[in-house]
Each structure stands twice: as structure tokens, then as C-alpha cells.
Amino acid sequence: MTVALIWAQDRNGAVGRDNTIPWRVPEDQKRFRELTRGHRVVMGRRTWESLPVRFRPLPDRRNIVLTRDVRWSAPGAEVAHDLSAALRIDPQDTVIVMGGSQIYAAALPFADHLWITDIDTVVADADAHAPDLDDEWDCSIGEWATSTTGMRYRYRDLTRRR
Ligand SMILES: NC(=O)c1ccc[n+]([C@@H]2O[C@H](COP(=O)([O-])OP(=O)(O)OC[C@H]3O[C@@H](n4cnc5c(N)ncnc54)[C@H](OP(=O)(O)O)[C@@H]3O)[C@@H](O)[C@H]2O)c1
């Protein structure tokens, strides 16, 4: 099984504010769709609830939602109550952890790949952050590009050193 984490972060590592993603980069959303299509995506209950109702479950992917609430359910969501159960559901496949902050931190020790998008902005009052990384990663960094929204962004792909 391969475990990949995918997120976009501002210059200070912020990934969210008020349970939303506080920027819009359609090119990054497209890349997210391409990288995750056909795989399992694992997300926290708060990230599930941050998705617009019309976009959930995310199509063409198994949507696995982590919650400690044994009564929680939602149409189209497969519920898991602990991370190792969520990662184990199909050991043959790649599983992609798509947030948010709590789930990135919990899943980082299991991750083989990190697909990070750097967003060239600073979000005031951010309340969700990417985990700190140690130096156990080989990193390939793309060029900065400018979105149709005017926001600058670049991709950083990290692979765990073995
Ligand atoms: N920039 C990006 O790429 C990106 C991507 C995704 C999300 N986000 C942002 O991240 C923010 C949300 O992150 P968050 O940290 O607040 O919430 P989250 O990680 O999405 O979800 C947290 C919830 O997950 C459940 N949970 C956490 N750890 C668990 C565990 N070990 N076992 C079982 N369930 C567990 C709990 O649900 P219960 O309370 O139901 O028990 C907890 O409240 C939002 O602002 C969102 O927009 C950003």
C-alpha cells in the first residue's frame, strides 16, 4: 500500500481558516482531481463538512471519513473510526489523505509521498496548519506559476527517504 498526503499551504504552512480553504487556485483543484481519481481518499469529518454539499462525495473515488462519533454517517461516505482502519481498507491500493490539519498530522508517520502545493500568500487568522516535516524527504520542486485567479503557486513533491 502507498500512502500519499496532499495539501496546499500558504507561506506559513496554513491550510485553512473557518473550515474553508482561503484561496482559489483552479489549476491546483484540477491536479487534485487528477491525482486522486480512482483512489481512496481519507479525510476528517470537518473536511468532509467543508465540502460543498453538491461536491460530496467526491466522484470517482471512495470517500472515507474519519470521526470518533459512532453515530455519524453521511450519504456517500464510508466511515472509519481510527486511522489505521481507514488506511487498511484496501491494502493493494494507493490511499490519499486529503486533510485536514488533524488528519495530516496523524497520517504523516505512515506517508510515503507528500504532494504539496505552495500558495504564495499569507492567510491572516489561519486556524489549520500543515504538519512540520523532518528532513527524511527527497524533494522535487516545480517552477512558480500564476493561476487564472492571479495567485502564484508551485508544486512540491516529496518522497520519503528509505
Ligand atoms: N489546504 C488544503 O489542502 C486543505 C485540505 C483539506 C482541508 N483543509 C482545511 O483544513 C481545515 C479542517 O482541518 P481540521 O484539522 O479542523 O479538521 P479535519 O482534520 O478535517 O477533521 C477533524 C475531525 O476528524 C476526526 N478525527 C481526527 N482525528 C481522528 C482519529 N485519530 N480517529 C478518528 N477520527 C478522528 C474528528 O471528528 P469528530 O469530531 O467527528 O470525532 C475531528 O473533529 C479546514 O479549514 C479545511 O478547509 C485544507
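**The ligand and its pocket**

The ligand sits in the largest pocket, and the model shown here is a predicted one.

Reader: How much space lies in the largest pocket, then?

Author: Let's start with the walls. The lining counts 47 residues, and those closest to the pocket's centre are Ile21, Thr47, Ser50, Leu51 and Met98. The space in this largest pocket comes to about 1,500 Å³.

Reader: And how many residues of that lining are charged?

Author: Lining residues come from several elements, with at least two each from E1, E2, helix H1 (26–36), H2 and H4. Sorted by type, the lining has 20 nonpolar and 14 polar residues, and the charged ones number 13.

Reader: Moving in to the ligand, which residues come nearest?

Author: The shell around the ligand has 27 residues. By type they split into 10 nonpolar, 11 polar and six charged. The ones that come nearest are Ala8, Arg45, Arg46, Thr47 and Thr67.

Reader: Which element gives the largest share of that shell?

Author: Four elements supply at least two shell residues each: strand E1 (2–9), strand E2 (14–16), helix H2 (45–50) and helix H4 (101–107). The largest share is four residues. Those four come from H4.

Reader: What distance separates threonine 47's polar side-chain atom from the ligand oxygen?

Author: Threonine 47 turns up twice: Thr47 is among the residues closest to the pocket's centre, and also among those nearest the ligand. Its polar side-chain atom pairs with an oxygen atom of the ligand at 2.6 Å.

Reader: What about backbone atoms: which residue has one 3.0 Å from a ligand nitrogen?

Author: Two residues are worth a look here. For serine 101, a backbone N or O atom lies 3.2 Å from the ligand, but the partner is an oxygen atom. The backbone contact with a ligand nitrogen, at 3.0 Å, belongs to valine 15.

Reader: How much of the ligand's exposed area does the protein bury?

Author: Take the ligand alone and it exposes 930 Å². Put the protein back, and the share of that area it buries is 88%.

Reader: Any odd backbone spots? Which glycines does a cis peptide bond join?

Author: Most peptide bonds are trans. One cis bond runs from arginine 56 to proline 57, with omega near 0 degrees. Another has omega at about -5 degrees, and its second residue is in the loop between strand E6 (94–97) and H4. That bond joins glycine 99 and glycine 100.

Reader: Where does aspartate 60 lie?

Author: Most residues other than glycine have a negative phi. Aspartate 60 has a positive one, near 60 degrees. Proline 57 is in the loop between H2 and strand E4 (62–66). Aspartate 60 likewise lies in the loop between H2 and E4.

How values were computed:
Residues are numbered from 1 along each chain as its sequence is written. This is a predicted model: local features need pLDDT of at least 70, side-chain atom pairs count only at pLDDT 80 or more; totals for chains, interfaces and linings use all residues. Side-chain values use heavy atoms; hydrogens and water are left out. A residue is near a molecule or strand if one of its heavy atoms lies within 4 Å of it. A polar contact is a pair of N or O atoms within 3.5 Å; within protein, one must be able to donate a hydrogen and the other to accept it, and residues adjacent in sequence count only if both atoms are side-chain atoms. Accessible areas come from the Shrake-Rupley method with a 1.4 Å probe; for residues, only the protein chains shown count as cover. On a 1 Å grid over the protein atoms alone, a cavity is a set of points where a 1.4 Å probe fits but cannot get out, and a pocket is an open set with protein on both sides within 12 Å along at least five of seven lines; lining residues have an atom within 4 Å of a point. A molecule sits in a cavity or pocket if more than half of its atoms lie within 2 Å of its grid points. Ala, Val, Leu, Ile, Met, Phe, Trp, Tyr, Cys and Pro count as nonpolar, Asp, Glu, Lys and Arg as charged, and the others, Gly among them, as polar. Grid points are joined across faces, edges and corners, and a volume is the space filled by probe spheres set on the points.
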